[in-house]
Amino acid sequence: MNEQLQLFFHNIEKIRLYFGSDSTPFEKELALKLTVRNHAFYYEDYEKVIQQIKANTKWYNSARTSQKIAHNYYVHFAKTPEQVPHTIHMYKQLTKQFKRNEETYLAAMYLKTDTDLVKMQQLLQALQQQPSLKYSAFAPQTVALLATRNHDEATLAQTYERYYNALISLGYERKGVTKNSAVLLTLGTGTFCEQTFQHVQQISAIIQKSDVKLKPCHYNTIALLALAKFDVVQFPALYAIHDEICHVLKLKKHDCNTLSLAAQIYTSNEAIGDLPEYELDFSDMLHIHNDASSDGDSGGSDGGGGGD
């Protein structure tokens, strides 16, 4: 069995042991995020991160009870829990512009300095000027991830728009998930890459032949495979991992999420686009679901759900 697949199953087992039957809704996603980093689940590390969250927030703060925040902070800071206080400080800086909610806590994970915060704000403005985002907006986490690229804000926004239009030309639907796929490609390459997009075309055509119709739930998986320079001759190996996941976890083989799981595990030791291995966890990107589908909801604090 593939080593990464073994680690994935190991992590699910350990997560189930620690959380019990309550783990069902999140066990696969948490196990996957750890697996692509080559990390095993250790409850001691998890509890250290939780302690840091509680030590740096007030008793009424939603971060203390949010499972989503707890799990994402654990994945990011399992080996460096001492970084949690700085991240919560960056969260407080973010709430001067963004809402006090889970997405803002997650965005703070990718901000190291005030300069990063300024770039994120400028990138958001640049993205809002793109035609495809005229009536929609990205969540803070997405913008923060995109801002980790070294490219300037205008280049990133223009690259995103070019990828989006190119995907539409392939027959992708005008939906938030397509915008999300354009973000994934931008994160992976920084500037528009003809070779990567040709790879998107090739993989899209193959999936379309096998499934008759290309579904929106395939889009992010295709973007990942293209960025990982996945060769079409590797499909049998990918499907073998997919079938093993479905068999062991008793999942439906035609569920798009199972193919996404398999693709992330299969490519977890590969460089993504021009990013060095593990520099930026691609599962963070794939788990930003349909960000751009909501109307202009990215700015301003509503004063709710947080506190210091």
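Me: How do you know how much of the protein is buried?

Reply: Happy to walk through this one. The model is a predicted one, and in it buried residues make up 53% of the 308 residues. To count here, a residue needs a relative accessible area under 20%.

Me: What makes up the secondary structure, in helices and strands?

Reply: The protein has 15 helices and zero strands. As for contacts with a separation of 6 or more, 73% of them join residues 24 or more positions apart.

Me: Why are α7 and α9 called oblique to each other?

Reply: Helix α7 covers residues 114–128 and helix α9 covers residues 153–169, and they pack at an angle of about 40 degrees. Roughly parallel would need an angle under 35 degrees, and roughly perpendicular would need 65 to 115. The value of about 40 degrees fits neither range, so α7 and α9 are oblique. Their axes are 9 Å apart, and the crossing is right-handed.

Me: What makes the contact between α7 and α9, and which kinds of residue take part?

Reply: On the α7 side there are Lys119, Gln122, Leu123, Ala126 and Leu127, and they meet Glu153, Leu156, Ala157 and Tyr160 of α9. By kind, the residues of this contact divide into six nonpolar, one polar and two charged.

Me: Why does the label change for α10 and α12?

Reply: The axes of helix α10 (residues 176–189) and helix α12 (residues 219–227) cross at roughly 15 degrees. Angles under 35 degrees count as roughly parallel, so α10 and α12 get that label. Their axes come within 9 Å, and α10 passes α12 in a right-handed crossing.

Me: Which residues of α10 and α12 meet?

Reply: From α10 come Val177, Thr178, Asn180, Ser181, Leu184, Leu185, Gly188 and Thr189, while α12 brings Tyr219, Asn220, Ala223 and Leu227. The residues of this contact divide into six nonpolar, six polar and no charged.

Me: How many aromatic pairs are there, and why is the pair of Tyr18 and Phe41 called tilted?

Reply: The structure holds 22 aromatic pairs. For Tyr18 and Phe41, the ring centres are 5.8 Å apart, and rings pair if their centres lie within 6.5 Å. Their planes stand at 55 degrees. Stacked needs under 30 degrees and edge-to-face needs over 60, so this pair is tilted. Tyr18 sits in helix α1 (residues 3–19), and Phe41 sits in the loop between α2 (27–35) and α3 (43–55), so the pair links distant parts of the chain, 23 residues apart.

Me: What makes Tyr18 and Tyr46 edge-to-face?

Reply: Their ring planes are at 70 degrees, which is over 60, so the pair is edge-to-face. The centres are 5.6 Å apart. Tyr18 lies in helix α1 and Tyr46 in helix α3, so this pair ties together parts that are 28 residues apart in sequence.

Me: How do you know whether Tyr18, Phe41 and Tyr46 are buried or exposed?

Reply: Phe41 has a relative accessible area of 5% and Tyr46 has 8%. Buried means under 20%, so Phe41 and Tyr46 are buried. Tyr18 has 31%, which falls between 20% and 50%, so Tyr18 is partly exposed.

Me: Which aromatic cluster do these residues belong to?

Reply: One aromatic cluster is formed by Tyr18, Phe19, Phe26, Phe41, Tyr43, Tyr46 and Tyr74.

Me: What makes Asn38 and Lys250 worth a look in terms of phi?

Reply: Asn38 has a positive phi of about 65 degrees although it is not a glycine. Lys250 also has a positive phi, near 55 degrees, and is a residue other than glycine. Asn38 lies in the loop between α2 and α3, while Lys250 lies in the loop between α13 (235–249) and α14 (256–266).

Me: Why is Lys250 called exposed, and Asn38 partly exposed?

Reply: Exposed means over 50%, and Lys250 has 74% relative accessibility, so Lys250 counts as exposed. Asn38 has a relative accessible area of 37%, between 20% and 50%, so Asn38 is partly exposed.

Me: Why does Gln129 count as exposed, and where does Gln129 lie?

Reply: At 65% relative accessibility, Gln129 is over the 50% cut-off and therefore counts as exposed. Gln129 lies in the loop between α7 and α8 (140–146). From C-alpha to C-alpha, Gln129 and Gln158 are 9.6 Å apart in space, with their positions 29 residues apart in sequence numbering.

Note on methods: Residues numbered from 1 in each chain as written. Predicted model: local features only at pLDDT ≥ 70, side-chain atom pairs only at ≥ 80, totals over all residues. Heavy atoms only, no water. Axes fitted to C-alpha atoms, helices over the stretch in contact; angles between N-to-C directions. Helix = DSSP H or I, 4+ residues; strand = E, 2+ residues; numbered from the N terminus. Parallel < 35°, antiparallel > 145°, perpendicular 65-115°, else oblique. Left-handed = near helix turned anticlockwise from the far one by under 90°. Contact = heavy atoms within 4.5 Å. Nonpolar A, V, L, I, M, F, W, Y, C, P; charged D, E, K, R; others polar. Phe/Tyr/Trp six-rings, centres within 6.5 Å; stacked < 30°, edge-to-face > 60°. Buried < 20%, exposed > 50% of the residue type's maximum accessible area, 1.4 Å probe, protein only.
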